Amino acid sequence: MSARGPADGLPIVFEDVEIRAGEVAILDKVSITIRAGAPTVLIGPNGSGKTTFLRAAMGLIAPSRGRIAWGGCGFQPPARRAILFQRPVMLRRSVAGNIDYALASAGVARAERAQRISELRALVGLAGFADRPARALSGGEQQRVALARVLARDPGILFLDEPTASLDPSATRAIEEVVRATAARGVKIVMATHDLGEARRVSGEIAFMHRGRIVETGAAGAFFANPVTDEARRFIAGDLLE
Amino acid sequence: MPENASALHLLLTSDPALREIVWLSLFVSLSATLFAALIGVPAGALIALTRFRGREPLIVLLNALMGLPPVVAGLVVFLALSRSGPLGSWGLLFTPQAMIIAQTVLVAPIIAALTRQTIEDLWMEYRDELTAMNVAPVRRAITLIADAQFSLVTALLAGFGRATAEVGAIIIVGGNIDGFTRTMTTAIALETSKGELPLAIGLGIVLMLVVFAINALAWGARRAGERLAG
């Protein structure tokens, strides 16, 4: 797979975005611009709004207030985008069948699919798993199938929601290697995590979220060396934020 | 007991009358289940995946029709097919075709209601992934039906069970004519009322064996398919 130019649909601009569930603001007046380039990593404690942010950026949830624009002024999300959910659902078919389904839904011709399935399985380290039922795999293996499935869509923007949560170190390393290689090909990665180690390893830019707001943003090095806000300082120090 | 011995004799000698009745029963019930599936599966999937005014009352009605009394279904089809009815010109009353129509009316709501529930549950599970993959509505429905196929087998079995077990509908529209529209259930009812217990018992045993064999076959197919698909 070759390197690509900046993806369509960037920058993604959030302007005073609010997403509410009844009286509760899941996202509270969020404004941020996500540009092409190194991965953007959303960090913050559980319940800070990271998943909702990713779903909104993917175009799966409409804001209650404010607006989201893709590619500067468009209000339709770009076609070549994909999201890896924290708990991906395996379709009731084999590993190859799951990847084939994603390729078919992305419009890849039947004649090309066998070769692509083989490449994607090798990429995520599931070369010998073609005919295994996807639902019978371990959590880490299912996460890799899901990663192959999102990469099958050849996305320009890839959203990752805690892709290594509850995985062991070796599975985490395997996923992170694929993510870094994908970013190196020019795919914009927007990832949510509450794992500070992973955020340091993957990110170029950090957006720190707390209670539905983006509290602080900045380059990863500067953010971890000199956090500006009290909440970010406490989160990096390992304090339990409410 | 002499009746049991005679029933066993009928079974072991493969009595032609018994064979004919068994064959017609299977033909009618399997045909009705097939037609009911062709109607019920797409209808159930459509109701599961679309939102429209009156959807909730329709689901309640569909669930209620699962308990439709066979005699009522038989009466409705009788009125439709009778000479003065809207479909009287078809000339189907007191034929196996009329029995298939009556059982289809009885079974289609069962298959549609169970399909609706199955597809809706699977859609809840798949919704995020299929939406994120931008899968078109028709392909969503096909995917859900394909992936729910093993659960839908249960819906088909429930429908087939209903069809093979009922007497009321087919006796009204079929007339229980010897050698033409007599099935296992109608024959059991008739022979019992006449005191001809050996044939009634023989038919009862065959009916149970057929239902058991088809359920065992479907269960085996389901388990094998589940092992392959995961």
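## A tour from sheet to pocket

Start in chain A, where three strands form an open sheet in the order 2-1-4, with antiparallel pairing. Keep in mind as you click around that this is a predicted model.

**Stop 1: the sheet.** Select residues 24-34 and then 65-70 of chain A: these are strand 2 and strand 4, the edge strands, and each pairs on one side only. From one strand to the next, the twist averages 20 degrees. Now add strand 1, residues 12-21 of chain A, which runs antiparallel to strand 4 and is joined to that strand by five bridges. Want a pair to zoom in on? Pick A:Phe14 and you'll find A:Ile68 of strand 4 standing opposite.

**Stop 2: the helix on the sheet.** Select residues 50-58 of chain A. This is helix 1, which packs on the sheet and touches strand 1, strand 2 and strand 4 of chain A. Compare directions too: helix 1 makes about 60 degrees with strand 2 of chain A.

**Stop 3: the cores.** Next, show A:Ile43 and A:Leu147, the residues with the most contacts inside the largest nonpolar core, which has 71 residues. Which helix gives the most to this core? Hop over to chain B and select residues 96-132: that's helix 5, and its contribution is eight residues.

Go back to A:Ile43 and look at what surrounds this residue. Leaving out residues up to four places away in sequence, A:Ile43 touches several others, including A:Lys50, A:Thr193, A:Leu196, A:Phe208, A:Met209, A:Phe223 and A:Phe235. Apart from the largest core lies another one, of 27 residues; to find it, select A:Val17, A:Phe53, A:Ile157 and A:Ala192, which are among its members.

**Stop 4: the empty spaces.** Rolling a probe the size of a water molecule over the atoms reveals where space is left empty. This structure holds two cavities of 30 Å³ or more, and the largest has a volume of about 80 Å³. Select B:Ser25, B:Ser29, B:Thr164, B:Thr183 and B:Thr185: out of 13 lining residues, these lie nearest the centre of the largest cavity. Helix 2 (16-49), helix 7 (149-165) and helix 9 (184-194) of chain B each supply at least two residues of that lining, with the largest share, four residues, coming from helix 2 of chain B.

**Last stop: the pocket.** How big is the largest pocket? Its volume is about 220 Å³. To see its lining, select residues including B:Leu30, B:Thr33, B:Leu156, B:Phe160, B:Ile214 and B:Ala218. Helix 2, helix 7 and helix 10 (197-229) of chain B each supply at least two residues here.

Methods
Residues numbered from 1 in each chain as written. Chains lettered and ligands numbered in written order. Predicted model: local features only at pLDDT ≥ 70, side-chain atom pairs only at ≥ 80, totals over all residues. Heavy atoms only, no water. Pairing = 2+ DSSP bridges. Axes fitted to C-alpha atoms, helices over the stretch in contact; angles between N-to-C directions. Contact = heavy atoms within 4.5 Å. Core = buried A, V, L, I, M, F, W, Y, C linked by side-chain atoms within 4.5 Å. Buried < 20%, exposed > 50% of the residue type's maximum accessible area, 1.4 Å probe, protein only. 1 Å grid on protein atoms, 1.4 Å probe; cavity = no way out; pocket = protein on both sides within 12 Å on 5 of 7 lines; lining within 4 Å. Points joined across faces, edges and corners; volume = space filled by probe spheres on them.
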